[in-house]
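Student: Please give me a close look at one strand and the partners around it. Take the side chains as far as they lead.

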Amino acid sequence: MIKGWRYDDEACCEDAAGWVVRLEAGNLGDAEAIAFDAWLSASPGNVSAFDRAMGVSQQVVANAEAIVQGLSARRSIRPAPDRRTVVGGFGIAAAAFLAVVAAPQLITSASTETYATAKGERRSVTLADGSRVDLNAGTSLTVSLSRSARTVRLDQGQAVFDVAHNADRPFYVAAGDRTVRVVGTQFDVRRREGKLSVTVARGAVEVRPAEGTSGRAYRLRPGQRLDHVEGDAQTKVVKAEASEVLAWRTGKLVYRGQPLSEVIADLNQQWSTPIRLDDATLGAVPVSGVLVLDNQDAVIGRLALLVPISAVRTDAGLILRRDRTSDR
């Protein structure tokens, strides 16, 4: 309990419930986003109220989905509810939230697990707290669950986190010189070659410098991506289509102006045969389009339709060269 603030502060609870509804709807405007940040920063009590409201929202969604799935299993005719439709009903559940005091969840002993994927491998794991983590190819991370916190250290790669809400056990992702604090959400974290990207699909996250490093903290809402180069105090936040960023889970890579060097780094996690550029300047060429991950030759063929390159297979791997015929 935070000194000087009570969970039965109805005005604070109502504000928190309202912000959850707006965030989950996914159409928060810039002015509203600024207002949300100001409200969240105004008091530690607002942060706790928002955490609790997010937990109630997720419980409402989970219960509704479970009921509909049960009916569908019996009748095989009713579709699963759309999340926004269910969250729309959260406005009704918000009244119930005003009287809710979160019950202590079952606390287990501390545990640490390491998960890794090989080239071309994707994996989904469900943690002991109910959170789900989807690992992209070439990913390594360590999960530590204790009585007071849940911490993930992302050594390299990319993962989507769907975090089970627990206001009493915050969820952190440590990636290089930045730490992501979760406020009940679904988000993607990509860390490769000293570059970090965090994209929020649902809920809200806070990205702040790790202890001993410089920079400012950022709060991200759905549809935002944070890009950061490790060791650099500067950070950029841009708009992003979360469904495109998370498309790798279904075997698709979607790019909107990313440099070719980043695309090659992604593709090199898929196959054992390395792909290299024979001209360093070629790596800066922007790529926009969708690459379906089936076999390497087919993917390189599709990539050649997006950027002016040709491929030569050698004993050292696949070499990509600038296609001069496109200049004629």
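Tutor: What follows starts at one strand and works outward.

The model is predicted: local features need pLDDT of at least 70, side-chain atom pairs count only at pLDDT 80 or more, and totals for chains, interfaces and linings use all residues. Residues are numbered from 1 along each chain as its sequence is written, and side-chain values use heavy atoms, with hydrogens and water left out.

Take strand β4, residues 140–145. Strands here are DSSP runs of E with at least two residues, and helices are runs of H or I with at least four; both are numbered from the N terminus. In β4, 5 of the 6 residues are buried, so the rest of the structure largely encloses this strand. Buried means under 20% relative accessible area, exposed over 50%, and partly exposed in between, using a 1.4 Å probe and protein chains only.

Now its partners. Two strands pair if DSSP finds at least two bridges between them. β4 pairs antiparallel with β1 (residues 111–116) over 6 bridges. Here T112 stands opposite S144 of β4. β4 also pairs antiparallel with β5 (residues 150–162), again over 6 bridges. T142 stands opposite R153 in β5. β4 and β5 form a hairpin, with 4 residues between them.

Follow β5 and the salt bridges begin. A salt bridge is a side-chain nitrogen of Lys or Arg within 4 Å of a carboxyl oxygen of Asp or Glu. By this rule the count comes to 17. R150 meets D129 at 2.5 Å, N to O. The two are 21 residues apart: R150 is in β5, while D129 sits in the loop between β2 (123–126) and β3 (132–135). Both D129 and R150 are buried.

R153, the residue opposite T142, bridges to D155, with the closest N and O atoms 2.8 Å apart. R153 has 43% relative accessibility and so counts as partly exposed. D155 has 30%, so this residue is partly exposed too.

D162 forms a salt bridge with R202, the closest N and O atoms being 2.7 Å apart. That pair links distant parts of the chain, with D162 in β5 and R202 in β9, 40 residues apart. R202 is at 15% relative accessibility and therefore counts as buried. D162 is at 25%, so partly exposed is its class.

One more stop, beyond β5. R132, D134 and R249 are linked in a network of salt bridges.
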